[in-house]
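The following questions and answers work through selected features of one model, from its helices to its sheets and salt bridges. Please consult the sequence and coordinates alongside the text.

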Amino acid sequence: MTVTALSEAGADADDLSVWPASTGRLPHGGLSVGGVPLAEIADRFDTPVYVLDEGEVRARCRTYRDAFPDADVLYAAKAFLSRAMVRWVDEEGLGLDVCSAGELELAVTAGFPPERMVLHGNAKSPHDIEAALRLGVGRIVIDGPSEIARLAAMVGTGGSQKVMVRVVPGITAGGHEKIRTGTDGQKFGLSLTDGSAQHAIARVLGQPQLELTGLHCHIGSQITEVKPYLAAVRRMVGLMARVRDAHGVVLPELDMGGGHGIAYRPGEPALDLTALARRLRTALVESCAAAGLAVPRLTIEPGRAVAGPAGVALYRVLAVKRTGDRVFVAVDGGMSDNPRPALYGVRPALYGVRYAPRLVGRRPAAQACVATVVGRHCEAGDILAADVELPGDVRPGDLLAIPVAGAYQLSMASGYNLVGRPPVVAVGNGVARLLMRRETLADFRGRDIGD
């Protein structure tokens, strides 16, 4: 890394702009979140541990409600879900976007109204659909032609289920090719380009058990520009106009999905939510006026933008290894609790995952060095943060904190090497409480019932 880049990294290391708003500086290099010192959380709950700022989650829910007062805002449960998260989202007036019977049933058992949920999935199992129908989910998003007859048959004669059709609008957007879902040639949705979406809509309208309430699209994730959403909404309104002309049906709902990008490191771009709300509404109204359509009820589905910045991951350093000109800092977690870097890459040239780990709990006594933070697992790709600045005297026992850790980390965690998934601790008003306990060897033994 060059001297200029190192100095920029040094500035980032002391920049708390991507941390929860409640983050405070403490003496001797410490930080607190939600009024609770991070070092105290690590001592009390051990590491690795995920810290979730309840106030930050609630504030972000309210920001969405304020920005989209005339729309339905659904929290995308896949980002992170727990019973506490369900309660917070419910109390802040958001709906839920779920992708499985597991997410659906956890939310219902936590008291969330099923009619305020939407079920997604490109390959819904019979169990997923049965649970959705039994519990009374508000909408089921049809993702492929085979779902239409199967869903109608499961609803049964005389029954009714509200559905939407997921459309691929042919829009390229998103921070990495693996999270771009608005283009043709991938597993989600029905293509607008080849007529698959139009054909599916006609088939749904021919099923009396299915009530088509509107169209759905999701163009990708980690999108930081407004323009792709505007292009998508215009194409979706154009399709709604063609549905009216062909079938005499005016669809009352339009779900534009989520994918709202956030900054993982200071200085990175993030989607301007105020601009998105204003310009998306304008584009929707103008497109509908040009097509002679009534403006449909808008739905959006933020997940990462609600949960991501509210989370902080804490790790203990286990080892420091200097190999040639490389410094590897190994911690007590890794790809089993955060597989995102292994999935999407860790270097910015690849539109990868970039975190800004920070030493907390003591002041360094040495100049900064460039290091790579690696996990404890038996994979060369088990890297949490490549080429980042850490103190040159980083040593075993140190506590590292990684901000923006609330989304798609623990929710994608695995049982690799039987390490066990970390606990989740909620903080707020100076109090820390356990939301999800640490996975233990007893949990693994309990599942293993063979000889």
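Q: In which helix is Ala232 found?
A: The model is a predicted one. In it, Ala232 belongs to a helix that covers residues 227-247. That helix is α9.

Q: Is Ala232 buried or exposed?
A: A residue is buried when its relative accessible area is under 20%. For Ala232 the relative accessibility is 0%, and therefore Ala232 counts as buried.

Q: Which residues is Ala232 in contact with, leaving aside its neighbours within four places in sequence?
A: One of these residues, Pro169, is 63 residues from Ala232 in sequence, with 6.1 Å between the two C-alpha atoms. The complete set of contacts, with neighbours within four places left aside, is Pro169, Ile171, Cys217, Ile219 and Met256.

Q: How many Å apart are the end C-alpha atoms of helix α3, and what span should its 14 residues have?
A: Helix α3 runs over residues 54-67. At 1.5 Å a residue, its 14 residues should span 20 Å. The separation of the end C-alpha atoms agrees with this expectation, at 20 Å.

Q: At the start of α3, which backbone nitrogen does a side-chain oxygen of Asp53 reach?
A: The two atoms form a pair at the start of the helix, with the side-chain oxygen of Asp53 coming to within 3.0 Å of the nitrogen. The backbone nitrogen belongs to Gly55.

Q: Which residues of α3 are buried?
A: Arg58 is one of them, and its relative accessibility of 13% explains why it counts as buried. The buried residues of the helix are Glu54, Glu56, Val57, Arg58, Cys61 and Tyr64.

Q: With which residue does Arg58 form a salt bridge?
A: The closest N and O atoms of the pair are 2.9 Å apart. Arg58 lies in helix α3 and its partner in the loop between α4 (83-91) and β6 (95-98), so the salt bridge ties together parts that are 34 residues apart in sequence. The partner is buried, with a relative accessible area of 15%. This partner is Glu92.

Q: Which residues are linked in a network of salt bridges that includes Arg58?
A: A search of the whole structure finds 19 salt bridges. The network that includes Arg58 links Glu54, Arg58, Arg62, Arg87, Glu91, Glu92 and Arg433.

Q: Which residue meets Arg116 in a salt bridge?
A: The N to O distance of this salt bridge is 2.8 Å. The pair links distant parts of the chain, 26 residues apart, with Arg116 in the loop between α5 (101-109) and β7 (117-119) and its partner in helix α4. Arg116 counts as partly exposed at 29% relative accessibility, and the partner also counts as partly exposed, at 24%. The partner is Asp90.

Q: What is the relative accessible area of Asp398, which meets Arg362 in a salt bridge?
A: The side chains of Arg362 and Asp398 meet at 2.8 Å, N to O. Arg362 is in the loop between β16 (358-360) and β17 (368-374), whereas Asp398 is in the loop between β18 (383-391) and β19, 36 residues apart. Arg362 counts as buried at 15% relative accessibility. Asp398 is buried as well, with a relative accessible area of 5%.

Q: Which residue of β19 stands opposite Leu314?
A: Strand β14 (residues 311-323) is joined to strand β4 (residues 49-53) by four bridges in the antiparallel sense, and Leu314 is the bridge partner of Val49. Strand β14 also pairs with β19 (residues 399-403) over five antiparallel bridges. In β19, the residue opposite Leu314 is Ala401.

Q: Which residue in the turn of the β14-β15 hairpin has a positive phi?
A: Six bridges join β14 to β15 (residues 326-331), and the two strands run antiparallel. Among the facing residues, Val317 stands opposite Val331. Two residues lie between the strands of the hairpin, and the one with a positive phi, of about 65°, is Gly324.

Q: Which strands stand at the edges of the open sheet β1-β2-β3?
A: The three strands form an open sheet in that order, with antiparallel pairing. Each edge strand has a single partner strand, so one side of each is left without a neighbour in the sheet; the edge strands are β1 (24-25) and β3 (36-37).

Technical notes:
Residues are numbered from 1 along each chain as its sequence is written. This is a predicted model: local features need pLDDT of at least 70, side-chain atom pairs count only at pLDDT 80 or more; totals for chains, interfaces and linings use all residues. Side-chain values use heavy atoms; hydrogens and water are left out. The expected span of a helix is 1.5 Å times one less than its number of residues. Buried means under 20% relative accessible area, exposed over 50%, partly exposed in between (1.4 Å probe, protein chains only). A polar contact is a pair of N or O atoms within 3.5 Å; within protein, one must be able to donate a hydrogen and the other to accept it, and residues adjacent in sequence count only if both atoms are side-chain atoms. Contact means heavy atoms within 4.5 Å. Two strands pair if DSSP finds at least two bridges between them. A salt bridge is a side-chain nitrogen of Lys or Arg within 4 Å of a carboxyl oxygen of Asp or Glu.
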